[in-house]
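Biologist: Hello! I am new to this structure. Could you walk me through it?

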2 protein chains.
Amino acid sequence: MDTTAEHRAPARLRATPSWLITQTATHASRLASEAFDTVGARRYHYALLAALEEFGPASQAELGRRCAIDRSYVVEAVNGLAENGMAVRTPDPADGRRNIITITEAGERELRKISERLAEAQDKLLAPLSPAEREQLAQLMARVLDHQTRG
Amino acid sequence: MDTTAEHRAPARLRATPSWLITQTATHASRLASEAFDTVGARRYHYALLAALEEFGPASQAELGRRCAIDRSYVVEAVNGLAENGMAVRTPDPADGRRNIITITEAGERELRKISERLAEAQDKLLAPLSPAEREQLAQLMARVLDHQTRG
DNA sequence: CCGATATCAGTGTTACTGACATTG
DNA sequence: CCAATGTCAGTACCACTGATATCG
């Protein structure tokens with residue numbers, strides 16, 4: 001975007017939390033994408049691998065629920081992971097509808113590699129905030145998110 | 001999305017600010033879109049009308065810079081506004097490259113109407129936060145945003 | 001028959017890229 | 001010649017919808 005904002009945004013926008021959030025999210029996404037690119041990964045790789053590592057093998061539907069990714073998109077995401085040998089998809093012998101997705105060692109290595117790069121991106125994103133302020137922001141955001149997903 | 005998260009998201013995700021932000025932004029966008037829909041408006045209507053009202057007539061390039069909308073998208077956005085009689089596009093007599101966009105009275109009425117609906121959406125989004133916490137969140141976000149846009 | 005699952009086809013929004021002609 | 005502007009064509013990511021087949 002060539003929108004190098006040497007001007008100030010309208011006060012109405014700056015006073016609208018949803019605008020601040022979506023705008024900040026754009027920068028967050030760009031920085032995260034750059035981090036993913038350095039290891040040839042995608043956004044959903046990180047999410048799915050994190051879920052598989054933390055909770056163990058899971059069905060695609062459960063992965064979608066965990067990571068807030070739509071079922072239809074989980075299909076493509078798992079395809080990508082399987083093609084790159086980061087996860088394995090096998091039918092569930094106990095339930096003919098399900099697939100069981102399992103993370104591989106390569107997937108676990110990839111997850112750690114992505115995490116390092118992503119941490120650098122977080123640092124760039126939150127550069128102007130102190131550690132305490134970063135924590136505060138994360139807490140507030142998590143509460144808003146919990147309310148939207150659970151409440 | 002049918003991802004009714006009765007499960008908890010992976011700790012790695014919840015510890016990643018960019019994930020929290022983009023996730024929250026998804027909900028913010030949805031709530032804002034619903035608000036826009038009630039008055040038949042779009043996201044960029046609000047942004048452009050707000051800039052036109054606050055700073056007066058402007059070129060498309062300047063509107064893009066103010067609102068952080070790409071030039072190529074401003075074209076379509078202004079088309080939409082002009083078709084609905086909310087703004088007028090005239091060539092700049094002083095600079096043959098530029099158009100001058102001016103808000104109409106209908107546009108100003110529309111802006112106020114959108115603002116009301118949008119305020120309700122903010123309330124739904126930030127429901128779990130106290131007024132002080134909402135202010136805190138806005139401040140933190142604005143600082144992050146300023147750092148990303150100004151450098 | 002109902003509900004969940006995996007899959008696929010398709011839509012809509014929006015950020016972004018690259019190209020182009022025109023003008024300063 | 002270079003920079004800015006408006007415009008257009010096209011890409012990519014992702015949320016979301018709806019349909020379908022299968023299975024419990």
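Modeller: Gladly, and one definition will help us: a residue is buried if 20 or more other C-beta atoms lie within 10 Å of its own, exposed if 12 or fewer, and partly exposed in between. Please keep in mind that this is a predicted model.

Biologist: Let us try that out. Is B:Glu83 buried or exposed?

Modeller: B:Glu83 lies in helix H5 of chain B, which covers residues 71–83. A residue is exposed if 12 or fewer C-beta atoms lie within 10 Å. B:Glu83 has 9 C-beta neighbours inside 10 Å, so it counts as exposed.

Biologist: How far apart are the C-alpha atoms of B:Glu83 and B:Ala106?

Modeller: Along the chain, B:Glu83 and B:Ala106 are 23 residues apart. In space, their C-alpha atoms are separated by 12 Å.

Biologist: Now to chain A. What distance separates the end C-alpha atoms of helix H5 of chain A?

Modeller: Helix H5 of chain A has 13 residues, 71–83. At 1.5 Å a residue, it should span 18 Å. The distance in the model agrees with this: 19 Å.

Biologist: Which residues of H5(A) are buried, and how are they arranged?

Modeller: The buried ones are A:Val74, A:Ala77, A:Val78 and A:Leu81. Seen down the axis of H5(A), they fall within an arc of 100 degrees, so they line one face of the helix. In general, an α-helix has 3.6 residues a turn, so residues three or four places apart point the same way. The face of H5(A) turned away from the buried side carries the exposed A:Ser72, A:Glu76, A:Asn79 and A:Glu83, whereas the buried face holds A:Val74, A:Ala77, A:Val78 and A:Leu81.

Biologist: Which residues touch the most other members of the largest nonpolar core?

Modeller: That core has 81 residues. One of the residues asked for also meets H5(A): leaving aside neighbours within four places in sequence, A:Leu48 is in contact with A:Leu63, A:Cys67, A:Ala77 and A:Leu81. The full answer is A:Leu48, B:Leu48 and B:Cys67.

Biologist: Which helix gives the most to the side of chain B that touches chain A?

Modeller: In all, 61 residues of chain B are in contact with 60 residues of chain A. Several helices of chain B each supply at least two residues to that side, including H2 (17–38) and H6 (105–125). With 14 residues, the one that gives the most is H7(B).

Biologist: And how are the two copies related?

Modeller: A rotation of 180 degrees with 0.0 Å of shift along its axis superposes chain B on chain A, with an RMSD of 0.1 Å. The copies are thus related as by a two-fold rotation axis.

Definitions and conventions: Residues are numbered from 1 along each chain as its sequence is written. Chains are lettered from A and ligands numbered from 1 in the order in which they are written. This is a predicted model: local features need pLDDT of at least 70, side-chain atom pairs count only at pLDDT 80 or more; totals for chains, interfaces and linings use all residues. Helices (H or I, at least four residues) and strands (E, at least two) are DSSP runs, numbered from the N terminus. The expected span of a helix is 1.5 Å times one less than its number of residues. The arc is that of the directions from the helix axis to the C-beta atoms. Two residues are in contact if their C-beta atoms, placed from the backbone, lie within 7 Å. A nonpolar core is a set of buried Ala, Val, Leu, Ile, Met, Phe, Trp, Tyr and Cys residues joined through C-beta atoms within 7 Å. Copies are superposed by least squares on the C-alpha atoms of residues with pLDDT of at least 70 in both.
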